[in-house]
Amino acid sequence: MFNFIKKQFIDVIQWPNPDDSLLMWRFPIADEEIQNGASLTVREAQMAMFVDEGVTADVFGPGRYTLNTQTLPLLTNLKNWDKLFESPFKSDVYFFNTKQQLARKWGTSQPVTVRDAEFGAVQLRSFGMYAYRISDPTKFFKEVSGVAAEYSGVELETQLRNISVTQLAAAFGSSGIPFLDMAANQVLLSQKIGELLGAEFAKLGLTLENFTVESITLPAAIQEALDKKISMGVIGDLGRYTQYQTAESIPLAAQNEGGLAGIGAGLGVGAGVGQAMAGAMAGMMQPAAQPAQSVQTTSEDPQAKLTKLKSLLDGGLISQEDYDKAKAEVLKQLIG
């Protein structure tokens, strides 16, 4: 008889070992009844709510409570109790996990089309992290979990990701930030999206604690074009880049059979190639503010030509044979 009575009446209501993956858990009452004056214990990072025939009633934060008409005013009104009730009663009790749900991932399963100030209409992909917590158990119960025995965060995250992506497109479209500047403004972009999402999460009884945009990417074709544009920006002045490439190729040509003549421009056939080479080298050695001398001007100064040929020889850029032939040609022109 004692065991039967003990089984039928509940004296302590609590969620002693909560599963971190659960957002909501219903205390197992079944056919049992809650004893008048029973104890309710709500631990830190928890909230408890009494529900009478599917209608939400009293909500309790962390603490220990003795259940009576004073601590259950809404439930007392729903059950039409007069003054103090003396008999046991039935009511569903739901516990809610109010800890932050950290490191939740979001991302675009499909590209989001937005209008960019520089590229026009483009499709962007993005991903990042967010954190949230239950802040309004009554609203969460009505809008999300309902009268289930338990509700996990996994069931909710698909919906939250869809909400995030929807607001992401709105934030991209209204931010006015070009794609090339988004990397430098990811903090501001994250804040803007967080503001838009905060209201949507609140409708579900949630508080958005943090939202971050970790990466924004373009489609492969546009990214390839952007990479080429960046490369051209790094190269800069194509004229000076060509001069540099030419100077780099001279030692390789000198190593070929026949020296510089191996590339069809031996200095022995005349001073023309030597003059062009000297002009190119002079253009590289002069400061950017001073214009390089033309080939015609250089050809009128045999002494300067001989000096530059000697510099090429000393630098190992031409062979002794090429130098001797070119020198003889210059002297021939000088003395007639």
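Lys-310 is partly exposed, at 35% relative accessible area, while its partner Asp-314 is exposed at 54%. (Buried here means under 20% relative accessible area, exposed over 50% and partly exposed in between, with a 1.4 Å probe and protein chains only.) The two side chains meet in a salt bridge, 2.8 Å from N to O; that term asks for a side-chain nitrogen of Lys or Arg within 4 Å of a carboxyl oxygen of Asp or Glu. Both sit in helix α11 (residues 302-314), four residues and so about one helical turn apart.

This is a predicted model, where local features need pLDDT of at least 70, side-chain atom pairs count only at pLDDT 80 or more, and totals for chains, interfaces and linings use all residues. Residues are numbered from 1 along each chain as its sequence is written, and side-chain values use heavy atoms, leaving out hydrogens and water.

The whole structure has seven salt bridges, including these:

| Pair | N to O distance |
|---|---|
| Lys-310 and Asp-314 | 2.8 Å |
| Lys-99 and Asp-20 | 2.8 Å |
| Glu-157 and Arg-104 | 2.6 Å |

Glu-157 of helix α4 (residues 153-175) and Arg-104 of strand β8 are 53 residues apart, so to speak linking distant parts of the chain. Glu-157 is buried at 13%, whereas Arg-104 is partly exposed at 24%.

Now for helix α6 (helices are DSSP runs of H or I, at least four residues; strands are runs of E, at least two; both are numbered from the N terminus). Its buried residues include Leu-189, Ile-193 and Phe-201.
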